[in-house]
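Colleague: I'm new to this one. Could you walk me through how to read a few of its features?

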Amino acid sequence: MSKVAPELKYSAEHEWIAADGAGPSTIGVSAVAADALGDIVYVDLPEVGSTVTAGEACGEIESTKSVSDLYSPVTGEVSEVNTAAVEDPAVINSDPYGAGWLFKVAVESEGPLLSAAEYAAANGGEL
(Lines give C-alpha, C1' and ligand atoms only; values in the text may rest on other atoms or scores of the structure.)
Protein backbone atom coordinates (compact mmCIF):
# COMPACT_ATOMS: atom_id res chain seq x y z
CA MET A 1 0.00 0.00 0.00
CA SER A 2 1.35 3.43 -0.97
CA LYS A 3 2.19 6.02 1.66
CA VAL A 4 0.09 9.19 1.93
CA ALA A 5 1.77 12.07 3.78
CA PRO A 6 -0.73 13.26 6.43
CA GLU A 7 0.45 16.90 6.46
CA LEU A 8 -0.31 17.50 2.77
CA LYS A 9 -3.45 18.23 0.75
CA TYR A 10 -4.19 16.33 -2.47
CA SER A 11 -6.00 16.78 -5.77
CA ALA A 12 -8.23 14.08 -7.22
CA GLU A 13 -5.63 13.80 -10.03
CA HIS A 14 -2.94 12.65 -7.51
CA GLU A 15 -0.92 15.85 -7.06
CA TRP A 16 -0.01 16.96 -3.55
CA ILE A 17 0.48 20.49 -2.27
CA ALA A 18 2.42 21.72 0.74
CA ALA A 19 1.37 25.22 1.74
CA ASP A 20 2.77 26.88 4.85
CA GLY A 21 1.36 30.30 4.00
CA ALA A 22 4.79 31.91 4.17
CA GLY A 23 5.74 31.68 0.50
CA PRO A 24 5.22 29.66 -2.65
CA SER A 25 3.48 26.31 -2.27
CA THR A 26 5.34 23.15 -3.28
CA ILE A 27 3.65 20.66 -5.62
CA GLY A 28 4.46 17.06 -6.46
CA VAL A 29 2.80 13.75 -7.28
CA SER A 30 1.70 11.28 -4.63
CA ALA A 31 3.38 7.98 -3.90
CA VAL A 32 0.09 6.37 -5.00
CA ALA A 33 0.55 7.90 -8.47
CA ALA A 34 4.29 7.22 -8.61
CA ASP A 35 3.71 3.56 -7.69
CA ALA A 36 0.93 3.21 -10.26
CA LEU A 37 3.06 4.76 -12.99
CA GLY A 38 6.03 2.50 -12.35
CA ASP A 39 9.54 3.65 -13.24
CA ILE A 40 9.35 7.35 -14.13
CA VAL A 41 11.76 8.17 -16.94
CA TYR A 42 10.79 11.72 -18.02
CA VAL A 43 9.01 14.73 -16.59
CA ASP A 44 7.93 17.89 -18.41
CA LEU A 45 7.24 20.75 -15.98
CA PRO A 46 5.76 24.24 -16.45
CA GLU A 47 8.26 27.05 -16.99
CA VAL A 48 9.21 29.52 -14.27
CA GLY A 49 7.10 32.64 -14.75
CA SER A 50 4.25 30.80 -16.45
CA THR A 51 0.75 30.72 -14.99
CA VAL A 52 -0.89 27.42 -14.07
CA THR A 53 -4.62 26.98 -13.54
CA ALA A 54 -6.21 24.69 -10.96
CA GLY A 55 -7.50 21.50 -12.54
CA GLU A 56 -5.75 22.04 -15.87
CA ALA A 57 -2.83 20.10 -17.33
CA CYS A 58 0.52 21.86 -16.93
CA GLY A 59 3.02 19.15 -17.82
CA GLU A 60 3.59 15.43 -18.32
CA ILE A 61 5.06 12.49 -16.48
CA GLU A 62 6.30 9.57 -18.56
CA SER A 63 7.02 6.13 -17.19
CA THR A 64 8.04 2.86 -18.76
CA LYS A 65 4.29 2.04 -18.77
CA SER A 66 2.57 5.23 -19.94
CA VAL A 67 2.47 9.01 -20.30
CA SER A 68 0.23 10.93 -17.89
CA ASP A 69 -0.75 14.57 -17.72
CA LEU A 70 0.39 16.56 -14.71
CA TYR A 71 -2.38 18.77 -13.32
CA SER A 72 -2.02 21.85 -11.18
CA PRO A 73 -3.98 21.76 -7.92
CA VAL A 74 -3.81 25.58 -7.70
CA THR A 75 -3.91 28.72 -9.84
CA GLY A 76 -0.88 30.99 -9.75
CA GLU A 77 2.56 31.79 -11.11
CA VAL A 78 5.30 29.16 -11.19
CA SER A 79 8.23 30.45 -9.14
CA GLU A 80 10.59 27.47 -9.24
CA VAL A 81 10.97 24.04 -10.84
CA ASN A 82 12.91 21.09 -9.48
CA THR A 83 15.67 20.70 -12.05
CA ALA A 84 17.04 17.71 -10.12
CA ALA A 85 13.77 15.84 -10.79
CA VAL A 86 13.94 16.80 -14.48
CA GLU A 87 17.52 15.53 -14.72
CA ASP A 88 16.84 12.35 -12.70
CA PRO A 89 13.08 11.57 -12.77
CA ALA A 90 13.63 8.35 -10.76
CA VAL A 91 13.78 10.55 -7.64
CA ILE A 92 10.00 10.99 -8.01
CA ASN A 93 9.61 7.23 -7.41
CA SER A 94 12.11 7.04 -4.57
CA ASP A 95 11.14 10.21 -2.66
CA PRO A 96 7.86 11.67 -3.99
CA TYR A 97 7.23 13.84 -0.91
CA GLY A 98 10.81 15.05 -0.51
CA ALA A 99 13.50 15.37 -3.15
CA GLY A 100 10.97 14.38 -5.84
CA TRP A 101 8.89 17.58 -5.55
CA LEU A 102 8.10 19.09 -8.96
CA PHE A 103 7.44 22.84 -8.87
CA LYS A 104 6.50 25.78 -6.65
CA VAL A 105 3.66 28.23 -7.22
CA ALA A 106 2.78 31.65 -5.82
CA VAL A 107 -0.84 30.65 -5.19
CA GLU A 108 -3.72 32.92 -6.19
CA SER A 109 -6.43 30.32 -5.53
CA GLU A 110 -6.77 26.61 -4.80
CA GLY A 111 -8.78 24.09 -6.72
CA PRO A 112 -10.82 21.42 -4.92
CA LEU A 113 -8.43 19.63 -2.56
CA LEU A 114 -8.74 16.53 -0.40
CA SER A 115 -7.35 15.97 3.07
CA ALA A 116 -4.79 13.19 3.39
CA ALA A 117 -7.43 10.95 4.99
CA GLU A 118 -9.92 11.61 2.17
CA TYR A 119 -7.25 10.99 -0.49
CA ALA A 120 -6.04 7.79 1.18
CA ALA A 121 -9.62 6.45 1.49
CA ALA A 122 -10.38 7.21 -2.16
CA ASN A 123 -7.13 5.79 -3.56
CA GLY A 124 -6.14 2.91 -1.30
CA GLY A 125 -3.26 4.77 0.28
CA GLU A 126 -1.92 4.41 3.80
CA LEU A 127 -1.45 7.32 6.19
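Modeller: Sure, let's take salt bridges, a helix, a charged patch and one odd backbone angle in turn.

Modeller: Keep in mind that this is a predicted model, where local features need pLDDT of at least 70, side-chain atom pairs count only at pLDDT 80 or more, and totals for chains, interfaces and linings use all residues. Residues are numbered from 1 along each chain as its sequence is written, and side-chain values use heavy atoms, with hydrogens and water left out.

Colleague: How many salt bridges does the structure hold?

Modeller: Side chains of opposite charge can pair when their charged atoms come close. The cut-off here is a side-chain nitrogen of Lys or Arg within 4 Å of a carboxyl oxygen of Asp or Glu. The structure holds 2 of them. Glu110 pairs with Lys9, their closest N and O atoms being 3.9 Å apart. That pair links distant parts of the chain, with Glu110 in strand E9 (residues 103-110) and Lys9 in strand E1, 101 residues apart. Strands are DSSP runs of E with at least two residues, helices are runs of H or I with at least four, and both are numbered from the N terminus.

Colleague: And which side chain does Lys104 meet?

Modeller: Lys104 meets Glu80, at 3.9 Å from N to O. Lys104 lies in strand E9 and Glu80 in strand E8 (residues 74-81), so this bridge ties together parts 24 residues apart in sequence.

Colleague: Which residues of helix H4 are buried?

Modeller: Buried means under 20% relative accessible area, exposed means over 50%, and partly exposed is in between (1.4 Å probe, protein chains only). In H4 (residues 116-123), the buried ones are Ala116, Tyr119 and Ala120. Seen down the helix axis, they fall within an arc of 95°, so they line one face of H4; the arc is that of the directions from the axis to the C-beta atoms. Ala121 and Ala122, on the other side of H4, are exposed.

Colleague: Where is Glu47?

Modeller: Look in the loop between strand E4 (40-44) and strand E5 (51-52). Glu47 is exposed, at 64% relative accessible area.

Colleague: What about the odd angle at His14?

Modeller: His14 has a positive phi of about 85° although it is not a glycine. You'll find His14 in the loop between strand E1 (9-10) and strand E2 (15-18). His14 is partly exposed, with a relative accessible area of 23%.
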